[in-house]
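Here is a short report on one protein chain. It covers the overall fold and then one helix pair.

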Amino acid sequence: MKSNIYKYYLYAAISNFLFFLPIVYVFFQDNGLSLTQIFIIEAIFSVGLVLFEVPTGAVADYFGKKVSLISGSLIWILACVLFSFGSNFYMFTFAYLIWALGAALLSGADTALLYDILDKDNKKEHFKKYQGNAKLIGLTAISVASLLGGYIASFSMRYTFIASAIAFFIMFIVLISIKHKEDEKEEQETYAQIIKNSFSIIKKSSILVWLFMYSAIFMVVFKLTQPSTQIYMNLANLDIKYFGFASAFFFIIAAIASKLTNTFEKKFQKYSYLILSILMILSTFLVSQFVFKLGFLIFGILFFATSINSIIVQHEVLENTPKSKHSTVLSFNNLSDRLIFVIISPLWGFGMEKLGLTNAFFYASLITIILISILMIYYFYKKAQNQ
């Protein structure tokens, strides 16, 4: 198990070697894309993630989690090569869709693989600890890769994609070396039956439905807030040269939080979701009330809460799902998050344009309070019933 865990940690690091991350939009503009075309590509990428999420989750449960991860790494290599040779809107759109397919193959399958590795050694109760360590490593890796990416781009922005492709080839080798045998299925299911039966499991489980709704609210608030940090810092007249430091701060906070997940959950237990929800709402409300140069520190509260929340939710989803459906059910969870984000994102942009950033955050915090309150009342009611 130790060997597999170390290899999983190595995977967590290398999968975040996104050297192109700090320059990708500048790269698009340098190749003649307008801002409108860039946001169209982003929208298409989001739709691609939604379309690929569940089918690729079923791939992991039907063919094996290692197969899904290995396929995802190869597809990411192809996407990086396409980006490095790309020169127009259509080529970049195609590359982004290929990237989305690879991301969907990796998403969920990696988490499920770690859970299976621990379960085979009767240590699944330590999932939050090991997943927290993996997230810490991943977030540290993406911070380092962002710094190195800027240096590599000084020679050529295309080199950043080549560097990532090389890293993903190493990731491919690491994944192949993981020694993990999938459990024998009690009954042979077709690919379509895995998707159908997974959906049926979710529909019949009140806790899974609750987790999906809670996760969707939390993750949508985070995903809408994340790009808004730059707008906030610009509104606060923070010099753009400090934007990089702010971004590094967010990653560091998220990394520390992921390491503390197991301790946090043990301390607050059934109140964990409530405490994390309060932190999320507090951050959005404070942003709506205060705009100043160091105000970006407030966003750190949200990054802290989100990092812990994602691990706790993943663990509880896995705990309430048959092993043979882990990847597919996690994919349904990711699908619900991304689908709602795709729907809400344009409304958020329209709201910020019409109301201004601070007012948009104020109304968002009020709506979130109402939705979270309803979910928390139901959650504690169910907890009381089960005692």
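The text below goes from the whole chain to a single helix contact.

**Overall fold**

This is a predicted model. The protein chain has 15 helices and zero strands. Its C-alpha trace spans about 55 × 50 × 35 Å along the principal axes. The radius of gyration is 21 Å. A compact globule with 387 residues would have a value near 21 Å, so the chain agrees with that expectation. Of the 387 residues, 53% count as buried. Contacts reach far along the sequence: among those between residues at least 6 apart, 85% join residues at least 24 apart.

**Helix 13 and helix 14**

Helix 13 covers residues 296–319, and helix 14 covers residues 326–355. Their axes come within 10 Å and cross at roughly 135°. Angles over 145 degrees would count as roughly antiparallel and 65 to 115 as roughly perpendicular, so this pair is oblique. The crossing of helix 13 past helix 14 is right-handed.

The table lists the residues that meet in this contact.

| Helix | Residue range | Contact residues |
|---|---|---|
| Helix 13 | residues 296–319 | Val-313, Gln-314, Val-317, Leu-318 |
| Helix 14 | residues 326–355 | His-326, Val-329, Leu-330, Asn-333 |

What is the make-up of the contact of helix 13 with helix 14, in nonpolar, polar and charged residues? Five are nonpolar, three are polar and none is charged. Val-313, Val-317 and Leu-318 in helix 13 are among the nonpolar ones. In helix 14, Val-329 and Leu-330 are nonpolar as well. Gln-314, His-326 and Asn-333 are the polar residues.

Key:
Residues numbered from 1 in each chain as written. Predicted model: local features only at pLDDT ≥ 70, side-chain atom pairs only at ≥ 80, totals over all residues. Heavy atoms only, no water. Axes fitted to C-alpha atoms, helices over the stretch in contact; angles between N-to-C directions. Helix = DSSP H or I, 4+ residues; strand = E, 2+ residues; numbered from the N terminus. Parallel < 35°, antiparallel > 145°, perpendicular 65-115°, else oblique. Left-handed = near helix turned anticlockwise from the far one by under 90°. Contact = heavy atoms within 4.5 Å. Rg over C-alpha atoms; globule rule 2.2 N^0.38 Å. Buried < 20%, exposed > 50% of the residue type's maximum accessible area, 1.4 Å probe, protein only.
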